[in-house]
Amino acid sequence: MTEIRTLGLLGTGVIGAGWAARALHYGVDVVAYDPNPKMEDWLRGTVDAAMQPLSKLTMAPLPKRGSLRFTTDAAEMIAAADFIQESIPENLDLKQKVLRELSATIPPDVIIASSTSGFMPSDLQDGITAPDRLVIGHPFNPVYLLPLCEIVGGRETSDTALRIADGFYEHIGMHCLHVKKEIPGHISDRLQEALWREILHIVDRDAASTGDIDDAICYGPGLRWAIMGTNMIFTLAGGQNGMRHFFEQFGPALELPWTDLKAPPLTEELIDKMVAGVEAQQGTRSIRDWERIRDDCLVAIQQVLRTHDQGAGRTLKAIEQRLYAEVGATAAADEIDIAQPLRLHEGDITPDVIDYNNHLTEWGFFKLISDASDKLFRFIGIDQDYRESGRTFFTVETHIGFLGEGKLGDAFHVTTQILDVDAKRLRFMHTLVNSATGDPMAEIEQMLLHVDTAAGKAAPIDAAVKAKLDAVAAAHAKLPRPASAGRGIGAPRA
Ligand SMILES: NC(=O)c1ccc[n+]([C@@H]2O[C@H](COP(=O)([O-])OP(=O)(O)OC[C@H]3O[C@@H](n4cnc5c(N)ncnc54)[C@H](O)[C@@H]3O)[C@@H](O)[C@H]2O)c1
């Protein structure tokens, strides 16, 4: 992928703020532009609220969080951005005007992607500078949790632009769906709008309340949609003869018809009925409360789907595999000085590892040091292939000393000192440090046994891995031994 370090946002409403949260989470810096200065509070509030569910989505080690800057000056955003995502209101004249003006000042190799729900890219390309770099990257709300991104090219969009957009969205954990031909509403919004039209008809005819209609989705078809789409669902509904039988049975209903397709006139009365209906559904809960419920469930659903390798769970699995592989890439970097305790892992304390007092939980300490151990393994050459060959390290002993508290948002790093290595055993000391103060939060000493998982017993460490460990151990032997370190491998008990 062409490396996108800084995402520029044009518009920071519901969708712009969602893009910010997703990009920051996957380590991309964000410079967000909105002419309305009041949007800064909204943006920061959304990003903070998104941290909670996002931090629960995966246990895979994440890159260091990106940094966020808000500006009311478009030029400041443009100067910093490697890729620009436009999320201003869905109004064709406004989008065309803004894109024409700003594209003249945006370097021609910087992709401009539009979040538009329904306009076609060729309409947005009209009159802009370097139209070949304009694509549509249409996300779904909440952008930070829903992986779908519809990518659409217009008449003048280059393959390079499509490829860069695809690479970037995939990098920030999305599932890219390339729409073969530009059509109004792309794919998903055509489907959603068809449903919405029917909802309006049902309410207009007083056949059901907005709540009943939502129940008709949530208790039935909606439950299936996360697993498989309507085409596969109807195939299963056709029994052993699948879709062909489904057509025989339900094809004639298409002529009845069960649906009106064209929206009813949007009278004030209908709008009032819709608004009153959803206000009753909303009850005393605020929009933020409902967002929290939605987000927690979206996290849980994706985790279940991952175990079944279905739908959005596949995207989650793919990003986790990449994150684990990237751990290897960073850990293997040449700049790591083995003459010092290895500094392989760093980050910020996230909401998933804190307790009700906003402090790092006991198991949170273990999570952070497990991630550090993972990075150590990658550093010495233990990767997915190594594990798949049936060899791995197994922790047989852990000693932990809690030295200080960690709080939500604190920057931390872990240093690792190798204490002993022999043919089958490895002993090291992790120190979890508050990066701002330099104070240690915990010291964790571990002894690991190298095992052959198929044989279920201890086995010699691979020669190349052992050589790397020996080199680090020899360098670390010159360092002062941590005062809290226990007896060495093979040393007699005191
Ligand atoms: N809301 C959704 O569910 C959803 C889903 C997918 C895509 N989209 C698309 O995303 C886009 C944004 O939708 P939204 O729901 O975030 O709208 P919104 O009204 O919440 O936010 C729009 C933002 O654009 C800002 N803005 C207005 N003029 C601007 C300008 N000239 N330059 C920069 N910023 C400007 C506004 O101040 C506001 O903060 C639309 O094209 C919409 O179709 C929306």
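Of the 23 residues around the ligand in this predicted model, the nearest are Ile15, Asp34, Glu90, Lys95 and Ser117. Two helices, H1 (14-25) and H4 (92-103), each contribute at least two residues to the shell around the ligand. Two other sites are covered below: Thr71 in strand S3 and a nonpolar surface patch that includes Leu177.

**Ligand contacts**
- The backbone of Ile15 places a polar atom 2.8 Å from an oxygen atom of the ligand.
- For Asp34, an N or O atom of the side chain is 2.6 Å from a ligand oxygen atom.
- Glu90 has a polar side-chain atom 2.6 Å from an oxygen atom of the ligand.
- The ligand taken alone exposes 830 Å², and the protein buries 75% of that area.

**Thr71**
- Strand S3 spans residues 68-71 and contains Thr71.
- Thr71 has a relative accessible area of 5%, so it counts as buried, the cut-off being under 20%.
- Leaving aside residues up to four places away in sequence, Thr71 touches Val31, Ala32, Tyr33, Asp34, Glu76 and Met77.
- Asp34, one of these contacts of Thr71, is also among the residues that come nearest to the ligand.

**Nonpolar surface patch**
- Leu177, Ile187 and Leu191 make up a nonpolar patch on the surface.
- Together these three residues have about 240 Å² of accessible area.
- Leu177 lies in strand S8, which covers residues 175-178.
- Leu177 is classed as partly exposed because its relative accessibility is 30%.

Definitions and conventions. Residues numbered from 1 in each chain as written. Predicted model: local features only at pLDDT ≥ 70, side-chain atom pairs only at ≥ 80, totals over all residues. Heavy atoms only, no water. Patch = residues over 30% accessible without salt bridge, like charges linked within 9 Å, V, L, I, M, F, W, Y side chains within 5 Å. Areas by Shrake-Rupley, 256 points an atom, 1.4 Å probe, with all protein chains shown as cover. Salt bridge = Lys/Arg side-chain N within 4 Å of Asp/Glu carboxyl O. Helix = DSSP H or I, 4+ residues; strand = E, 2+ residues; numbered from the N terminus. Buried < 20%, exposed > 50% of the residue type's maximum accessible area, 1.4 Å probe, protein only. Contact = heavy atoms within 4.5 Å. Near = heavy atom within 4 Å. Polar contact = N/O pair within 3.5 Å; in protein donor to acceptor, adjacent residues only side chain to side chain.
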